[in-house]
Amino acid sequence: MEKEGKAPKPALIRFDNGIFNTMKWISYISAACLLVITLLSTADVMTSKLFSRSITNATDIVTYLNIPVVFLTAAYVQLERGHTHIDLIYKHFPMWGQKIIHTVGNILGVGLSAFIGYRAVLSTIQKFQIVEKSSSSASAFIVWPFAALIALGFLLMAVAFLWSLVREFVLPPRAKFDPVAASDDIFGEEGKA
């Protein structure tokens, strides 16, 4: 599954590594939020059982912290494995069919993610202007930063789909990034039978 023609320029490979590492570091924010969710949920249960009192807004905070967990990781997952890839069906197509599936999936991904990201930016602006809060209680917090994270996540996803499209035609497949190459590396010749 080698690309034919000239080898890509080292600058392009460095740029590819830069995009991949940037998305990877952004996904670490998701891991940190997941840790906070775990600790907060545990502390909330313990305080409610031991002191008969829950942590204020704990449920709302956990709910809103799930936003970065999902949306800030999606672009990294797309670059690492590919969201639109289904091995059971995909492997049975010829190479040109696989390329068509990748290309169409990436083009649709760019368009859809960019549109949703744009609409999320407009929603964020609206939530910022009206100072929307998580609930009507006195201890409620503003929600526009979480709306901004949704917008950022979808815009990063559009970039990831766009870069996956560039990878499809310009960069050679690498086991780290190409699910088919990775599955061939994992299963070897027995996996192809």
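**Exercise 1.** Is the crossing of H1 and H2 left-handed or right-handed? Determine also how the two helices are oriented and which residues form their contact.

*Solution.* The model is a predicted one.

Step 1. Handedness: H1 and H2 cross in the left-handed sense.

Step 2. Geometry: the axes of H1 and helix H2 (residues 58-71) come within 9 Å, and their crossing angle is roughly 160 degrees.

Step 3. Orientation: angles over 145 degrees count as roughly antiparallel. H1 is therefore roughly antiparallel to H2.

Step 4. Contact residues: H1 contributes Ser30, Cys33, Leu34, Val36, Ile37, Leu40, Ser41 and Asp44, while H2 contributes Ala58, Ile61, Val62, Leu65, Asn66, Pro68 and Val69.

Step 5. Composition: this contact of H1 with H2 consists of eleven nonpolar, three polar and one charged residues.

**Exercise 2.** Describe the packing of H1 against H6 in the corresponding terms.

*Solution.*

Step 1. Geometry: helix H1 (residues 10-50) packs with helix H6 (residues 144-170) at an angle of about 150 degrees, and the axes lie 12 Å apart.

Step 2. Orientation: the cut-off for roughly antiparallel is again over 145 degrees, so H1 and H6 are roughly antiparallel to each other.

Step 3. Handedness: the crossing in which H1 passes H6 is left-handed.

Step 4. Contact residues: on H1 the contact involves Leu12, Phe15, Asp16, Ile19, Phe20, Met23 and Ile26, and on H6 it involves Leu156, Val159, Ala160, Trp163, Arg167 and Val170.

Step 5. Composition: eleven nonpolar and two charged residues make up the contact of H1 with H6, with no polar ones.

**Exercise 3.** Locate Val45, classify its exposure, and relate its position to that of Ala58.

*Solution.*

Step 1. Location: Val45 belongs to helix H1.

Step 2. Exposure: the partly exposed class lies between 20% and 50% relative accessible area. Val45 has a relative accessibility of 48% and so counts as partly exposed.

Step 3. Distance: Val45 is separated from Ala58 by 13 residues in sequence and by 9.9 Å in space, taken from C-alpha to C-alpha. Ala58 is one of the H2 residues in the contact with H1.

**Exercise 4.** Characterise the protein as a whole.

*Solution.*

Step 1. Secondary structure: the protein has seven helices and zero strands, giving the pattern α-α-α-α-α-α-α along the sequence.

Step 2. Burial: 34% of the 193 residues count as buried.

Step 3. Contact range: among contacts with a separation of 6 or more, 75% join residues 24 or more positions apart.

Step 4. Surface: the accessible surface is about 12,100 Å², and carbon and sulfur atoms account for 69% of that area.

Note on methods:
Residues numbered from 1 in each chain as written. Predicted model: local features only at pLDDT ≥ 70, side-chain atom pairs only at ≥ 80, totals over all residues. Heavy atoms only, no water. Axes fitted to C-alpha atoms, helices over the stretch in contact; angles between N-to-C directions. Helix = DSSP H or I, 4+ residues; strand = E, 2+ residues; numbered from the N terminus. Parallel < 35°, antiparallel > 145°, perpendicular 65-115°, else oblique. Left-handed = near helix turned anticlockwise from the far one by under 90°. Contact = heavy atoms within 4.5 Å. Nonpolar A, V, L, I, M, F, W, Y, C, P; charged D, E, K, R; others polar. Buried < 20%, exposed > 50% of the residue type's maximum accessible area, 1.4 Å probe, protein only. Areas by Shrake-Rupley, 256 points an atom, 1.4 Å probe, with all protein chains shown as cover.
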